[in-house]
2 protein chains.
Amino acid sequence: MPERQSSRKDAIRNREAVLAAADTLFSRRESPEDVTMADVAAAAGVGKGTLFRAFGDRAGLLRALYEARLEPIRQAVETGPPPLGPATPPHDRVPALLDAVLCFKLDNRRLALALEEDGSSSPYRAEHYERWHSLLRAVLEQIPGLTDSDFTAHALLAATRADLVEHLAGEERMTREGMRAQLANFVTRVLASGPPQGLTAEE
Amino acid sequence: MPERQSSRKDAIRNREAVLAAADTLFSRRESPEDVTMADVAAAAGVGKGTLFRAFGDRAGLLRALYEARLEPIRQAVETGPPPLGPATPPHDRVPALLDAVLCFKLDNRRLALALEEDGSSSPYRAEHYERWHSLLRAVLEQIPGLTDSDFTAHALLAATRADLVEHLAGEERMTREGMRAQLANFVTRVLASGPPQGLTAEE
DNA sequence: CAACGATACGGACCGCCGGTCCGTTTTGCA
DNA sequence: TGCAAAACGGACCGGCGGTCCGTATCGTTG
């Protein structure tokens, strides 16, 4: 697993070049799978060997790109202000988190698609998914009257799957705001039904 | 698109043989993608040419298998008795439909996985998905106080995605009944919250 | 600054897989 | 039985992810 950073400046420069090239390629080309590793190498002005040494394999490159793009949001979630940050009350944080995920996928459609539909290993094993899931689960657990937090977290995240987002945005011509609104609505509905009888207490 | 049936008996026999071979191969092998077309052809005692002539391409074979397995459920949904059939009141039919989908995916894990994660074209374009979606949407539409039927149908179906099911059953060791119960719970929660303010009218 | 070991480079090369092609065989009709 | 149409099957192809190894570059040490 050659994922260790190198100190040599040519290595570092090449790594950057590859990342940049891959980024533009993925956002330009229609489908992620007609961006080949050779394409990326060529676009970065680099040999294939270099590319694979730097990132291990295709999934490694995708992961690196994804994590880089995800970093700001990760910050906002872990140490930022409400409504994403940890100080937010659960009822408000859950929709905010899911909205953030949705927006991220809208802004990085091709990339998310590439990462999720790469058959080599289930998206559910990716540790960025693990992060979202366990966070969401933890927050859900703080909402009184809500059971099955684990499954619920999965189910809610499933509503933001990259290919679904792609389908809604592309095929069904749904607008960004339309989607955000409907997802918000959906989340609300899931959270709304309180204990036994519908209570929806105003806070 | 060579999908048209042939009347020649060798063609028919071979088609059956391929279907059967593929079926057992997919249920035996760990991951769908280490069942190659050559494997299937060999197991069926048939040349690759025959296989591709009969089903067009890999996706075609998967689709044929899937549709065959789906047929009984399709019957039950279209013309069967409650709780799946058309006579069922919407509130009861929605959970029943989703439970049926879930059970189907549990019973055909590898196959569903193969079909959904085949990158060549989004699962949302498959017409069996279209069928489930439009049916579910239609039923949801009959539930008073429920908006966004289209999106809601997508979101509910997303909770039964094959790779999620696989993950829950495999990685998280969730039992069949556990999953069914949690999905039922989730569906209930989505349907429960009435119009704007929690109403949950008893029928 | 010279020299050298360590490290990275890059593109020819490999194995595999989905899909095609075409000479050969089977089928069923007259 | 003869014959055209249809199906057979496996050699073949193109392209992809990934590897290998001779070569070029780096940076460190005297």
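This passage describes the DNA contacts, salt bridges, nonpolar core and unusual backbone geometry of a predicted model.

In this predicted model, local features need pLDDT of at least 70 and side-chain atom pairs count only at pLDDT 80 or more, while totals for chains, interfaces and linings use all residues. Residues are numbered from 1 along each chain as its sequence is written, chains are lettered from A and ligands numbered from 1 in the order in which they are written, and side-chain values use heavy atoms, with hydrogens and water left out.

We can begin with the DNA. Around DNA strand C there are 21 residues, R8(A), N14(A), R53(A), K48(B) and R58(B) being the closest; a residue counts as near a strand if one of its heavy atoms lies within 4 Å of it. Sugar or phosphate accounts for 59% of the strand C atoms within 4 Å of the protein, and bases account for the rest. Polar contacts (pairs of N or O atoms within 3.5 Å; within protein, one must be able to donate a hydrogen and the other to accept it, and residues adjacent in sequence count only if both atoms are side-chain atoms) reach bases and backbone of this strand. An N or O atom in the side chain of R8(A) is 2.3 Å from a base oxygen of strand C, and a backbone N or O atom of G49(A) lies 3.1 Å from a base oxygen of that strand. R53(A) instead places a polar side-chain atom 2.7 Å from a phosphate oxygen of strand C. Two or more residues of this surface come from each of helix 1 (9–28) and helix 3 (48–55) of chain A and helix 1 (9–28) and helix 3 (48–55) of chain B; helices (H or I, at least four residues) are DSSP runs, as are strands (E, at least two), numbered from the N terminus. Helix 3 of chain A provides the largest share, four residues. The surface near strand C holds four nonpolar, seven polar and ten charged residues, where Ala, Val, Leu, Ile, Met, Phe, Trp, Tyr, Cys and Pro count as nonpolar, Asp, Glu, Lys and Arg as charged, and the others, Gly among them, as polar.

DNA strand D is likewise surrounded by 21 residues, and here the closest are K48(A), R58(A), R8(B), N14(B) and R53(B). Of its atoms within 4 Å of the protein, 60% belong to sugar or phosphate. Phosphate oxygens of strand D lie 3.4 Å from a polar backbone atom of K9(A) and 3.0 Å from a polar backbone atom of M37(A). From chain B, a polar side-chain atom of S6(B) is 3.0 Å from a phosphate oxygen of strand D. Helix 3 of chain B gives the most to this surface, with four residues.

Turning to charged pairs, the whole structure contains 33 salt bridges over all chains, each a side-chain nitrogen of Lys or Arg within 4 Å of a carboxyl oxygen of Asp or Glu. One of them joins D148(B) and R189(A), with N and O 3.8 Å apart. This pair crosses between chains, from the loop between helix 7 (127–141) and helix 8 (149–158) of chain B to helix 10 (residues 176–192) of chain A. R189(A) is buried at 7% relative accessible area, whereas D148(B) is partly exposed at 23%; buried means under 20%, exposed over 50% and partly exposed in between (1.4 Å probe, protein chains only). Within chain B, R161(B) and E116(B) form a salt bridge of 3.2 Å. R161(B) sits in the loop between helix 8 and helix 9 (162–170) and E116(B) in helix 6 (residues 109–117), so the bridge ties together parts 45 residues apart in sequence. R161(B) is buried at 5% relative accessibility, and E116(B) is buried at 14%. A salt-bridge network also links K105(A), E116(A), R161(A) and D163(B).

The largest nonpolar core has 125 residues, of which V94(A), L156(A), V94(B) and L156(B) touch the most other members. Such a core is a set of buried Ala, Val, Leu, Ile, Met, Phe, Trp, Tyr and Cys residues joined through side-chain atoms within 4.5 Å.

Finally, some backbone features stand out. Most residues other than glycine have a negative phi, and most peptide bonds are trans. The peptide bond from P82(A) to P83(A) is cis, with omega near 5°, and so is the bond from P82(B) to P83(B), with omega near 5°. D148(B) has a positive phi of about 55°. R173(B), an exposed residue at 69% relative accessible area, has a positive phi near 50°.
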